[in-house]
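Dear colleague,

Please find below the structure that I am handing over to you, with its sequence. My findings follow directly after it.

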Amino acid sequence: MVWFAVILGDSLGIPQSVMGLTLLAMGTSVPDMISSVIVTLHGEGDMAVSSSIGSNIFDIGFGLPLPWILGNAAYGKGIALGEGCGSTIFVDVLLLLGMVVAVVAT
């Protein structure tokens, strides 16, 4: 899928970063959306919400750290974050945990 996105982007003159943020992101989100729509049509709206939140928790808890961990293992050193990134990551994690608490509480 990544190879196809690179070829398509090069053919259309679209930068690879834009293709990665749009086409590849859609390719990973559309299956979650379709399953949420199907269970919602069956009257299970709670299941649709928990599925999307669970998917986000998995992406943040496993999908983001895995490349970082593999990079550390391959290169033997950490990857430095830009200035000010630490505070935004903290806020993002707090927002995610707030969403989980809100869903569990309702």
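Asp 46 and Gly 61 are exposed, and they lie on the other side of helix 3 from its buried residues, which are Ala 48, Ile 53 and Ser 55. Those three cover an arc of only 145 degrees around the axis, which means that they sit on the same side of helix 3. Please bear in mind throughout that this is a predicted model.

Helix 3 itself comprises residues 45-63, 19 residues in total. From its first C-alpha to its last, helix 3 reaches 26 Å, close to the 27 Å expected at 1.5 Å a residue. Asp 59 also belongs to helix 3. Is Asp 59 buried, exposed or partly exposed? Its relative accessibility is 39%, and because that value falls between the 20% limit for buried and the 50% limit for exposed, Asp 59 counts as partly exposed. Further along the chain, Ala 80 is 21 residues from Asp 59, and the C-alpha atoms of the two are separated by 21 Å.

Helix 2 spans residues 16-41 and contains Ile 34. With a relative accessibility of 42%, Ile 34 counts as partly exposed. Ile 34 is also one of the residues in a nonpolar surface patch of about 670 Å². The other contributors to this patch are Met 26, Val 30, Met 33, Val 37, Ile 38 and Leu 41.

Ala 25 is likewise found in helix 2, and at 31% relative accessibility it counts as partly exposed. Between Ala 25 and Met 47 there are 22 Å in space, C-alpha to C-alpha, and the two are 22 residues apart in sequence.

As regards the protein chain as a whole, which secondary structure elements does it have? There are five helices and zero strands, so that the order from the N terminus on reads α-α-α-α-α. The radius of gyration of the protein chain is 18 Å, well over the 13 Å that the globule rule gives for 106 residues; the chain is therefore more spread out than a compact globule. Along its principal axes, the C-alpha trace spans about 45 × 35 × 25 Å. Of the 106 residues in the protein chain, 10% are buried.

With kind regards

Conventions: Residues numbered from 1 in each chain as written. Predicted model: local features only at pLDDT ≥ 70, side-chain atom pairs only at ≥ 80, totals over all residues. Heavy atoms only, no water. Patch = residues over 30% accessible without salt bridge, like charges linked within 9 Å, V, L, I, M, F, W, Y side chains within 5 Å. Areas by Shrake-Rupley, 256 points an atom, 1.4 Å probe, with all protein chains shown as cover. Salt bridge = Lys/Arg side-chain N within 4 Å of Asp/Glu carboxyl O. Helix = DSSP H or I, 4+ residues; strand = E, 2+ residues; numbered from the N terminus. Buried < 20%, exposed > 50% of the residue type's maximum accessible area, 1.4 Å probe, protein only. Expected span 1.5 Å × (residues − 1). Arc of directions from axis to C-beta. Rg over C-alpha atoms; globule rule 2.2 N^0.38 Å.
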